[in-house]
Amino acid sequence: MPRPERKIIQLTIDGRECRATEGTMLVDAAKANDVEIPYFCYEHKLGNPVGACRMCLVEVEGIPKLQTSCSTPVKDGMVVHTQTERVHHAQNAIVEFLLVNHPLDCPVCDKGGECPLQDITFGWGLGRSRFIEPKRHFEKPLALSPLIAIDRERCILCYRCVRFSQEVAEDHQLIFTERASHTFVGTHDGHPYVAPFSGNIIELCPVGALTSQPYRFRARPWDIEGAGGICTLCPSQCNVEFTVRDEKVLRVLARDANGHPEVDDGWLCDKGRFAYQAIHVDERITQPLVRDGGNLRPVSWERALDAAAGLARHRGAAGALVGGQATNEEGFLIQRLMREALRSGDLDCRVGEAVPAELTRALAAPALQATVPDLEFAHTVLVLGCEPLDDAPIFDLRIRKGVRRRGVRLVVATSRPSTLDPNAGLVRRYPPGEEADFLIALDAALAGTPGAEPEFTELAQYLREGGDDIVILWGERRLDTEALRTLLSVAGQLGLAEHEGAGLLEIPAGSNGRGLREAGALPGCGPGYADYDAGGPGPGRGAGEIAQAAADGEISALYLFQTDPIRELPDRALWERAMHRAGLVVAHASVLTEGLAEHANVIFPAESHAEKEGTVVHPDGRLQRLRVAIDPPGAVRAGWSVIAEIAKRAGLDTGVLTAPMAFKQLVGAVPFYRGLTLEEIGGRGLRWQEREAASAFPHGAGAIPATSPSSPGGLAAEPAVPATSDTESAAANGSLRLGTYRSIWAAPEVEISPALKFTVADQQVELSPEDAERLGIAAGEAIEVSQNGTSLNAVAHVRTGVPAGTAFLAEGVATGSANAFTEPVVEVRKR
């Protein structure tokens with residue numbers, strides 16, 4: 001879908017000739033030309049204005065009445081006056097009316113010093129009030145949610161929070177209750193406002209009515225400083241500003257008022273906004289640990305480094321896993337350590353099976369890459385095998401915005417019900433793990449293969465008839481090699497590489513999954529997706545093969561950088577055997593997870609995203625800089641420096657003394673980064689695909705042959721539940737097809753953040769109403785899920801939309817994770 005055409009017009013504001021884009025709201029055009037018009041209710045990110053506060057009234061020549069500049073689009077030749085007596089009188093009156101019931105408690109208000117009402121009162125108010133009657137009073141503060149406190153006396157009814165809830169997040173929880181002077185913001189039936197994006201209303205509130213419970217009374221604006229950074233807790237990689245006082249992060253905000261339009265649009269999820277507390281909790285590892293006498297004990301850096309240098313004794317028999325929060329520089333140095341010092345190509349940053357190098361390159365080809373704004377402006381978006389709300393929450397908001405404001409046609413194709421289903425024009429469900437079969441059937445329908453199932457014929461037609469700009473948003477966790485090959489074929493059938501606003505957009509399993517691949521932290525791929533030198537230690541093994549090799553004794557040392565495979569990766573039992581048998585396990589971690597506590601021999605304290613220096617790559621190819629916002633606590637050292645020191649003790653002098661030196665080496669090793677500098681990346685980042693050096697991308701792989709389309713009817717014919725001769729027998733043993741998902745809250749940082757503990761839930765099993773009734777299970781009942789002698793306890797969650805014969809379990813949780821199961825079918829029964 002073409003972006004809105006930008007036609008520049010001229011208008012006059014207070015006698016000054018100004019230029020603006022036609023259709024821009026007058027208040028924005030004035031701001032762009034350094035003319036300040038006060039307002040409360042208007043917020044560009046919220047969409048269409050409501051003109052509720054009337055603070056932005058101006059005179060427009062040719063119109064007899066004052067106009068709200070927030071809802072008046074500019075036109076060529078328009079003449080506007082913001083400083084006339086009529087305007088001043090109206091603005092004074094609005095301020096006076098707002099202060100009739102607003103408490104004058106600025107000295108104790110958390111918003112004091114950064115409050116728009118305070119500023120506007122000083123700038124546009126009369127400085128006195130004629131109101132002498134008692135002000136209204138409410139009980140305060142109330143907990144609108146565990147994260148947000150509401151002071152109803154301060155609310156000026158600007159509608160911002162309600163509009164966000166109903167028109168942006170679309171959770172429809174916030175409403176105005178009562179009428180007239182008794183009106184206040186609340187929820188239906190007084191339920192807590194618990195939603196993944198609830199914290200945004202704190203930033204939106206122009207007064208001190210909505211405040212952050214964790215930040216409340218912690219600091220004043222003159223006590224703090226802001227430090228820009230990148231949130232690496234999920235692949236959205238939002239641009240944030242850390243509020244810092246005495247080397248502690250006290251708050252996280254969106255970095256700019258209107259956000260980064262190419263990345264986050266100015267919104268944050270609650271994990272990114274509140275999980276900063278994990279930086280300063282007692283559970284955090286702040287000094288090196290070495291296993292001594294069966295227990296992990298704090299030691300000096302020298303002793304820990306000496307112990308980690310034992311990796312050199314496992315030369316040729318070491319494996320490494322790189323977690324998604326690692327920077328590009330850390331990933332690059334780890335692959336140098338493994339390949340040059342330890343003579344091993346066994347390293348991986350993925351969570352699934354190893355993907356052939358030529359397929360990895362084909363999926364990353366510049367012509368195929370969609371951008372985040374493309375989700376908003378595409379003709380059609382296909383969400384395939386992922387749940388954006390859990391995997392990359394800001395993508396969820398961007399898709400909703402596209403559907404709501406731009407008329408984007410949305411297709412959701414997942415095994416599990418999606419929060420985007422109500423927004424979709426077409427929804428397709430398939431059995432868990434059958435992404436490849438789904439894509440093969442779709443590929444056949446797009447190719448016009450005779451005998452294609454009607455549902456796939458309809459889907460193919462829906463994709464093609466909407467327009468050429470089609471974006472396929474897919475998740476790394478769910479698509480295997482066969483599915484990825486077929487995905488490329490589907491992309492070719494739809495001509496995605498031929499249209500600027502079309503393409504593929506992957507949600508990697510880790511925040512910097514794309515950057516780590518480009519840095520060479522992959523088996524068989526060096527930096528820049530180049531084939532690894534055949535004269536080296538061989539192409540190497542992926543994560544699953546590393547686990548099997550370690551369990552078999554072929555790999556005797558494991559290097560784990562900010563990841564615990566027992567918690568994070570499939571086949572928990574295999575990884576437990578692998579880590580138990582490994583002679584040396586060296587890890588970097590900020591939290592002592594179960595697997596590391598039991599098996600690691602050396603643990604180095606890892607930096608948080610507020611302490612790191614380096615670069616990361618957004619899923620759409622945008623390089624962004626991480627900058628140090630606070631000094632690391634305790635004895636924490638930079639990850640790149642620890643890797644370089646281990647490499648030196650293993651016989652490799654990397655020549656890296658600073659993070660910029662590591663970046664320079666990375667740029668020299670990746671052809672399509674050629675000439676890139678940290679200054680060029682700057683504070684907003686840049687997509688490497690848009691630079692001339694992108695032509696150096698290795699295209700030698702050519703076209704990747706897709707799996708030949710099988711019978712399109714095969715997918716629909718496969719039952720979700722294994723066939724049984726007796727329905728009662730199936731009900732008795734409770735055999736269900738297993739599907740998995742990873743919740744937005746399934747992270748160690750969430751579990752140790754005091755403000756987010758209420759989001760940490762026990763394992764639950766999502767069941768269809770039909771299966772719950774068949775098995776005699778009620779919502780909230782304790783149940784047991786088992787498979788091949790392995791069982792875990794969970795709570796039943798009966799969810800409409802779950803396909804009959806299917807059960808969904810959460811992965812990545814601290815206890816009872818679904819990665820304990822490796823087969824497609826589980827038994828579900830009451831405890």
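**Notebook: salt bridges and one cavity**

Glutamate 554 is partly exposed, with 47% relative accessible area. I looked this up in a predicted model. I then checked its partner: glutamate 554 forms a salt bridge with arginine 541, and the closest N and O atoms are 2.9 Å apart. The two sit 13 residues apart, arginine 541 in the loop between α16 and α17 (543-551) and glutamate 554 in the loop between α17 and β23 (557-561). Arginine 541 is also partly exposed, at 23%.

Next I looked up arginine 336, which forms a salt bridge with glutamate 340 at 2.9 Å between the closest N and O atoms. Both lie in helix α8 (residues 328-341), and because they are four residues apart, about one helical turn separates them. I noted arginine 336 as buried, at 12%, and glutamate 340 as partly exposed, at 41%.

My third pair was arginine 130 and glutamate 96, with closest N and O atoms 2.7 Å apart. This pair links distant parts of the chain, 34 residues apart: glutamate 96 is in helix α2 (residues 85-98), arginine 130 in the loop between α3 (116-124) and β6 (142-143). Arginine 130 counts as exposed because its relative accessibility is 62%, while glutamate 96 is buried at 13%.

I recorded a count of 53 salt bridges. One network links Asp105, Lys140, Asp151, Glu153 and Arg154.

Last, I turned to the cavities. I found nine of 30 Å³ or more. The second largest holds about 140 Å³ of space. Its lining has 13 residues, and Leu363, Ala364, Trp474, Glu506 and Arg517 lie nearest the centre. I sorted the lining into seven nonpolar, two polar and four charged residues.

How values were computed: Residues numbered from 1 in each chain as written. Predicted model: local features only at pLDDT ≥ 70, side-chain atom pairs only at ≥ 80, totals over all residues. Heavy atoms only, no water. 1 Å grid on protein atoms, 1.4 Å probe; cavity = no way out; pocket = protein on both sides within 12 Å on 5 of 7 lines; lining within 4 Å. Points joined across faces, edges and corners; volume = space filled by probe spheres on them. Nonpolar A, V, L, I, M, F, W, Y, C, P; charged D, E, K, R; others polar. Salt bridge = Lys/Arg side-chain N within 4 Å of Asp/Glu carboxyl O. Buried < 20%, exposed > 50% of the residue type's maximum accessible area, 1.4 Å probe, protein only.
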